[in-house]
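Student: Could we go through this protein together and check the terms against their cut-offs?

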Amino acid sequence: MRRQRRRAVIMLAGLMNAFLGTNIGYSAGIIHLGLLEKHKKSPNVVFWAGALFSSLLCLAGPISSVAVNALSCRSTIFFGSFLSFVGFMVSSFVSSIEIVVFSYGIVAGLGQSMIYSGTVLATGFHFHDNPSVATGVVVAGAGMGVAVFPMFTEFLIETYGIDGTFLLLSAVSLQVVVFNMCIETHELENNRKETSMTFKMKVELIFQELRQIFSMGAYLQFCISIFCWSTSVNTSVLLLPQYYVSTGSSHTEAAILMSLYGITGCFSRILTGLAASDPRVDGKLLYMGSYIILGLSTFFLPLIGNYFPGKVFYSLMLGIYSSNVWSLLTPITIEIVGIQQMPTAFGMELLIGGIGFLIGPIIGGFLYVLAGIFEMLMILTMTKSESFQNRNNMEKTVEVEEKLISNNVIEVKQLND
């Protein structure tokens, strides 16, 4: 009972970390307008500030995973909160837009990535036996920002200006420290830190893990599937309001339809986590089915998109079947690569997703079905990790992961000798 209460506290703390520490990205467009008002002569430079801040949540995934491997999830979250605090604080006092690009775009953006990665991975460690529900609750905290943070940021800019907004957002980022105090370092994390290695050997160990996980055909197909999904979903979210307006909707109706997408996405993350926690439900099939349904919905959008009920239907489909992916990444990753290699694998997945988010508008939005096809190939070719097969036996799980670390360390030491 005590263990369950402790895990419940960690899950709720993770939800608040995700809500306070990773949702400001949803306000990037509002902040962009505030920066344009202050730096009217540098619109192109202002664009880079928002673009870097939004994309680094995913693109900095490998950096965040290195921090988790070298330190711990808890320490990574602390450091990410501090970086976000410093980035927003500096941005509130400087007059040069070039410095804002660095402090807000890079420093604060990197901090957001560390908070998100550390929180999701900590949840994965503490709920490694059944991570679906806990991950769904935590990422729902990130989803709640769609409805909250844009309006909150708009209020701050109207009341205090962009400089005051940056100052108050720095305080919001620092609140993550409070909830992070409730997250303990799991013993599976300590296994790596207790191994005597130099910094150079730790880096080599990470590269060795990368070679191992990318040698798994199932993981490679999983990453291709993530790339196809991120490419498609960013295209849909970015261009959908414009499409709604061009087919007869007002700007207010377009905003309502996008809010509907955000709200349904938040509930979808939790419900998908609950569904995937059932032993009779295969999370990988949920993952694949979501892509195929969303791909078919996108294919038929030109036929139904001229009517408001059709737009409501598509916004619902987009919210339900694109947002649930966030609840399934960690469970599927553990199933493929195991717990100990989860941080490195998760960081690469974020990086690949971030690349897809960046180039999505260029490629187009009909890759959902292709994502489902690669997920199906992954299901057909994958072999479950040994730690996943023993996930309900904590002693056996620790033994398996310690053996994996020991073998990798021996190989690294032999290479150095």
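Here are some questions and answers on burial, helices, cores and surface.

Tutor: Before we start, this is a predicted model, where local features need pLDDT of at least 70 and side-chain atom pairs count only at pLDDT 80 or more, while totals for chains, interfaces and linings use all residues. Residues are numbered from 1 along each chain as its sequence is written, and side-chain values use heavy atoms, without hydrogens and water.

Student: Why is Cys-58 called buried?

Tutor: Buried means under 20% relative accessible area, exposed over 50%, and partly exposed in between (1.4 Å probe, protein chains only). Cys-58 has 6%, so Cys-58 counts as buried.

Student: And what makes Cys-266 buried?

Tutor: Its relative accessible area is 14%, therefore Cys-266 is buried as well.

Student: Why is Ile-270 called partly exposed?

Tutor: Ile-270 has a relative accessible area of 30%, which lies between the two cut-offs, so partly exposed is the right term. Its place is in helix 13, residues 251-277.

Student: How many helices and strands are there?

Tutor: The protein has 21 helices and 0 strands. Helices (H or I, at least four residues) and strands (E, at least two) are DSSP runs, numbered from the N terminus.

Student: What makes a set of residues a nonpolar core?

Tutor: The members are buried Ala, Val, Leu, Ile, Met, Phe, Trp, Tyr and Cys residues joined through side-chain atoms within 4.5 Å. The largest such core here has 77 residues, and Leu-35, Tyr-104, Tyr-219, Phe-222 and Tyr-287 touch the most other members. Helix 6 (residues 97-126) gives this core its largest share, 11 residues.
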